[in-house]
Amino acid sequence: MNQVVVLMLRAAQTFIPFTLLLGLVATTPAVAQSATSQTDAPRQVPVTVREALAEVLKGNMDLRRERVAVQAAHAQVLAAEGLFDVSLNGSLLFNQAIVPGVSPTDISRGTANSLTGDVGLLRQLETGGSVRLAVNSSGVFTNQQTICGLGENACEVYATRLNLTITHPLLRNLGTEATQANLRRRRIQVDLAYLNRQARAAIVVRDVLTGYWELAFASQDLEIRRSAVALANRQLEATRAQIEVGRLAPIDAAAVERAISDRTREVVAAEQAVLFRSLDLMRLMGKQPQASFDRFVAAESPVVDPRPVDVRSELEVALKNNPQLQSLRQGIALTELDIRTANVALRPQLDLIATIGSTGRQRDSYSAAWDQALSFENRVSSLGLNFNIPVQNRAARGFAEVSRLANDRSWVDAEALELDVRDTVVRLSSSVGVNAKRIELGEQVVKFAEQNLQAEEARFSVGRATNNDVLLRQQELNISRSQLLRARVDLLVAEIALDAITGVVLDRYGLELKPL
């Protein structure tokens, strides 16, 4: 009698929910299949770490901007060097003058037409002055008897001159400190441009490597999600087998169908994560995505070999090699240069002007006038001083104070950055150690989860466990695998960030930025 009742109850359980489960059982595998098989899926391109770095060094927008900045800094140096170029200058002047007489017998009255030309070579001196070698000649065509002589209606007079003129400061702007300040500043800015380029390259390489391993995580996490769907489908097959032999009712498959739907949604989300990580890597490479584009897939797995980290050694390397710190130190050199230049500008202005030359003057013969000048028979010279003493001198004093305060600010910025570098190194060193421990423990957890799943499936096969028990063990295994993968990627990311802050990330991967 008891056996009959049991058979009737099983028949009722089988008939009533069966019609409700037909749609779910029929549609759920199709959902899982639609998420994993797409006929219009874009082509996946495997990429290695080296290939990703090579593409980034060629196409990254930030690095391209830094290249332009370095080239612009070199151009500024060339422009500053142009201050000491030799220049050819001159002038040409025609003048017509009429001198009226004060009486009918005034011999100075008449007209005079003159043409004066001047040409010379000028060069600014590195010590603050300038030197100019010039030739000057003029021709006067006049009818003034004071020039031509009594009784002569017109004549021509030629004058020539050869001059060497030197001007040089004696107080303000004396020496190379002031005159070459701009050139030194431009050369320091070239060093700054290279350091900024180095710093930017370290950041870009860090971001690329981080993005690559995040892509690897997303790709493998997608495989974990897909394997979770496969495990659930395997459990569904085992459940159906139990249903067929009458050990389970069809309603028992509902929990598995629900798990398949949930895990399929996780697969869709993981596929989108792979897409986004691929786009991140493309952006760093400077590649423009199209409506339909090939997607990158990490060809390397995040296999890690944790390296020992000595915090004291990492701090020493960071303080010595960090490109941002080096850049700020170069900025301090700039402000110190401004202070020295401002101190020179505080002096009164006192300039020396010296001229030495030879002159010639002849009538009716231009060549005779030049022969006379070149013979140095008529030497001319002059010596003088120009001075300017600002009584209040507020402009120079204000510039000196601004320069001093800018230098103080640079030192504060350097100290603040050093504090940040120290803090970051200590944190990243700790993160490396913690993630190494997470990996060690995570491997044990995965092993235990695999054993628990096998044991639970064995109990289910003999009717001592339910579908929910098996699905729970599957979920524990999936979570432990994902956490282990996350720990490996986190360790790689922490090591990369530590290499970047210590300024060795380029050397670590054999990368070199060539001078421009």
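Is Asp262 buried, partly exposed or exposed? At a relative accessibility of 23%, Asp262 counts as partly exposed, where buried means under 20% relative accessible area, exposed means over 50%, and partly exposed covers what is in between, with a 1.4 Å probe and protein chains only. The model is a predicted one, in which local features need pLDDT of at least 70 and side-chain atom pairs count only at pLDDT 80 or more, while totals for chains, interfaces and linings use all residues. Residues are numbered from 1 along each chain as its sequence is written, and side-chain values use heavy atoms, with hydrogens and water left out.

Asp262 leads directly to the charged pairs. Its side chain meets that of Arg258 in a salt bridge, at 3.2 Å from N to O, the term standing for a side-chain nitrogen of Lys or Arg within 4 Å of a carboxyl oxygen of Asp or Glu. Both residues belong to helix α7 (residues 254–285), and because they are four residues apart there, about one helical turn separates them; helices here are DSSP runs of H or I with at least four residues, strands are runs of E with at least two, and both are numbered from the N terminus. Arg258, unlike its partly exposed partner, is exposed, with a relative accessible area of 56%. In general, side chains of opposite charge can pair when their charged atoms come close.

A search of the whole structure finds 34 salt bridges, and another of them lies within a helix. Glu401 pairs with Arg404, the closest N and O atoms being 2.5 Å apart, and these two residues, three apart in helix α11 (residues 394–461), are again separated by about one helical turn. Glu401 is partly exposed, with a relative accessible area of 36%, and Arg404 is partly exposed as well, at 37%.

A further salt bridge joins Asp499 and Arg508, whose closest N and O atoms are 3.0 Å apart. Here the two ends fall into separate classes of accessibility, since Asp499 counts as buried at 3%, whereas Arg508 is partly exposed, with a relative accessible area of 45%. Salt bridges that share partners also join Glu214, Arg438, Arg486 and Asp490 into one network. Arg486 has a second kind of contact, for its charged end sits over the ring of Phe217, 4.4 Å from the ring centre; a charge is said to sit over a ring if NZ of Lys or CZ of Arg is within 6 Å of the ring centre and within 35 degrees of the ring normal.

From that ring the account passes to contacts between rings. The structure holds three aromatic pairs, the rings of Phe, Tyr and Trp (its six-membered ring) being paired if their centres lie within 6.5 Å, with planes under 30 degrees apart counted as stacked, over 60 as edge-to-face and the rest as tilted. One of the pairs is formed by Tyr158 and Tyr366, which are edge-to-face at 5.7 Å centre to centre, with 70 degrees between the planes. Tyr158 lies in strand β5 (residues 155–169) and Tyr366 in helix α10 (residues 366–374), so this pair ties together parts that are 208 residues apart in sequence. Tyr158 is buried, with a relative accessible area of 15%, and Tyr366 counts as partly exposed at 39%.

Tyr212 and Trp213 form another edge-to-face pair, with 5.1 Å between the centres and 85 degrees between the planes. Tyr212 is buried, with a relative accessible area of 1%, and Trp213 likewise counts as buried, at 8%. Ring pairs also link Phe141, Tyr158 and Tyr366 into a cluster.

A covalent link comes next. The search of the whole structure finds one disulfide, the term standing for a pair of cysteine sulfur atoms within 2.5 Å. This disulfide joins Cys148 to Cys155, with 1.9 Å from S to S, and with -80 degrees about the S-S bond the link is left-handed. Cys148 counts as buried at 3% relative accessibility, and so does Cys155 at 6%.

The last stop is on the surface, where Val86, Leu88, Val119 and Leu121 make a nonpolar patch of about 380 Å². Patches are made of residues with over 30% relative accessible area and no salt bridge, like charges being joined within 9 Å and nonpolar side chains (Val, Leu, Ile, Met, Phe, Trp, Tyr) within 5 Å; accessible areas come from the Shrake-Rupley method with a 1.4 Å probe, and for residues only the protein chains shown count as cover. Leu88 is found in strand β2 (residues 87–99) and is exposed, with a relative accessible area of 64%.
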